Amino acid sequence: MTILIIMVVILVVAIIGLIIYNANIHKKVLTYRNINQKITNLSVVQDFMSAIGETSSVDEKIKKINDILIEKYEIKYSTIVVFNGAEYEIKASNVDKVHWESLRTLQDVDLFKDSIAQAIPKYVTVNNDQERLPYQKMEFGRAKSAIFFPLYIDNVYIGYWIIESGTPHDFDNVDTTVLEVIKDNIVSVLKTVVHQKTLESIVRKDLFSGLYSEEYLYGEGKKVIDQYTTSTICMFKITNLEEINEKYCRELGNEIITKISEYVKSNISDQYIFVRYMGPKFVIAFSGVEINGVADFINDLKENIEKTEVVLPENEKMKAYPKLNFAISTYYKGTGLEEVLKKQEEYLDKCDTKENDITNI
């Protein structure tokens, strides 16, 4: 009897020991999974930041981000839809385009209206392969479960992110906290690139010069410039333009702007960016060229333009010679292009109106 009791005690102790051991193992597994998930999330965030920093358009960046989500988290289908001010637009999706119309109108589906109003995700699924999700119109075989995430920037609803699976109940046990982190990262990216999108949208061509406006420099122009480590930025000002407008007429001033623009455009390489910066100021970005590589060209450019008599076609008595003042600087990839231009502009605006020189700042 005593031996039996001892054996029972040993067995109980062994069972308790195994329970404690298994509990510790389970805890370590959960810890490992948590750490692994954090590493994955950190990797995704780093990839997001790399995508934002790429010299590409906003739409291309959002598509790259969606591809990262699909790859890193093994999501079957992922679609990002954003309201562009006029309509809902699919910015990124790996779903066949034949289904895009239904995916970009989910805000009109009753199922998701509460989700949008309350800013909370909505999970929907079917029980078998014969059923289809409520928002689907002709997609019996594609998605069988989905999670809808409304997207907000500063409490303003701007669209949604929806992930889908071809398996019923596939997201029943998914860690929604991880998905919320992903959603927040998507919002952060959209918020970061919104300024770039604004610049891309407001770029216009100037009527008299035929050149792009200043905003072009920070969008498409910067893509070209940032292909090189260093570039030379040249800003010049027609110092006597205001005087010509007042002494003769504004039409002659406009003719001077046109002639100067045509001359510069015809004498620079296509890889260089030439824009009308503002009023009498223009910018040439010599992509990948150091200052000493453009010094002679700028000297010749200045000399040739200033010795050109510009005549108003409608009245040959109206004629004048333009005077130019130049500021040149080195731009380094990854630094603030706007800061370089700001310094040049401040210098040219503070100069005496009679100064017409080439200054390295």
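How many helices and strands does the protein have? It has 10 helices and 12 strands. The model is predicted. Keep that in mind at each stop.

**Stop 1: the whole chain, coloured by pLDDT**

Show everything. The mean pLDDT is 82, and 79% of the residues reach 70 or more. Of the protein's 361 residues, 43% are buried. Take the contacts between residues at least 6 apart in sequence: 63% of them join residues at least 24 apart.

Now select residues 2-53, helix α1. Among the elements of the protein, helix α1 has the lowest mean pLDDT, 54. At the other end of the scale is β8, whose mean of 96 is the highest. Narrow the selection to residues 28-40. Here pLDDT stays under 50, and the model has 4 contacts beyond four places in sequence for this stretch. Where pLDDT is low, the predicted coordinates should not be read in detail. Hide this part if it blocks the view.

**Stop 2: the open sheet**

Select β7, β8, β6, β11 and β12. These 5 strands form an open sheet, in the order β7-β8-β6-β11-β12, with mixed pairing. Which strands sit at the edges? They are β7 (273-278) and β12 (358-360), each of which pairs on one side only. On average, neighbouring strands of this sheet are turned by 20 degrees against each other, direction ignored.

Strands of a sheet pair through backbone hydrogen bonds, either parallel or antiparallel. Zoom in on β6 (residues 230-238) and β8. The two run antiparallel and are joined by 6 bridges. Label K237 and K281: K281 in β8 is the bridge partner of K237.

**Stop 3: two helices across the sheet**

Add helix α6, residues 215-225. Helix α6 lies across β6, β7, β8 and β11 (324-332). Its direction is at about 155 degrees to β7.

Next, add helix α9, residues 291-306. Helix α9 lies across β6, β8, β11 and β12. The angle between helix α9 and β11 is about 160 degrees.

**Stop 4: K281 and its network**

Stay on K281 and turn on side chains. Which residues are linked with K281 in a network of salt bridges? K237, E345 and D349 are linked with K281 in that network. Pick the K281 to E345 pair. Their closest N and O atoms are 3.9 Å apart. K281 lies in strand β8 (residues 281-286) and E345 in helix α10 (residues 337-350), so this salt bridge ties together parts that are 64 residues apart in sequence.

Are these two partners buried or exposed? K281 is buried, at 6% relative accessible area. E345 counts as buried too, at 17%.

**Stop 5: more salt bridges**

Across the whole structure, a search finds 13 salt bridges. Jump to R142 and E164. Their side chains meet in a salt bridge, 2.8 Å from N to O. The pair links distant parts of the chain, 22 residues apart. R142 is in the loop between β3 (122-125) and β4 (145-153), while E164 is in strand β5 (residues 156-165). Both ends are out of solvent reach by the numbers: R142 is buried at 8% relative accessible area, and E164 is buried at 0%.

Then centre on E89 and K91. This salt bridge has an N to O distance of 3.2 Å. E89 is partly exposed, with a relative accessible area of 28%. K91 counts as buried, at 9%.

**Stop 6: an acidic side chain in helix α8**

Select E255 in helix α8 (residues 250-267). E255 is buried, with a relative accessible area of 16%. What does E255 touch, leaving out residues up to four places away in sequence? The list is V310, V311, L312 and P313.

**Stop 7: cysteines**

Finish with C234 and C351. How many disulfides does the structure hold? The count is 0. C234 is buried, at 0% relative accessible area. C351 counts as buried as well, at 14%.

Conventions: Residues are numbered from 1 along each chain as its sequence is written. This is a predicted model: local features need pLDDT of at least 70, side-chain atom pairs count only at pLDDT 80 or more; totals for chains, interfaces and linings use all residues. Side-chain values use heavy atoms; hydrogens and water are left out. A salt bridge is a side-chain nitrogen of Lys or Arg within 4 Å of a carboxyl oxygen of Asp or Glu. Buried means under 20% relative accessible area, exposed over 50%, partly exposed in between (1.4 Å probe, protein chains only). Helices (H or I, at least four residues) and strands (E, at least two) are DSSP runs, numbered from the N terminus. pLDDT is the predictor's confidence in each residue, from 0 to 100. Contact means heavy atoms within 4.5 Å. A disulfide is a pair of cysteine sulfur atoms within 2.5 Å. Two strands pair if DSSP finds at least two bridges between them. Axes are lines fitted to C-alpha atoms, for helices over the stretch in contact, and angles run from 0 to 180 degrees between N-to-C directions.
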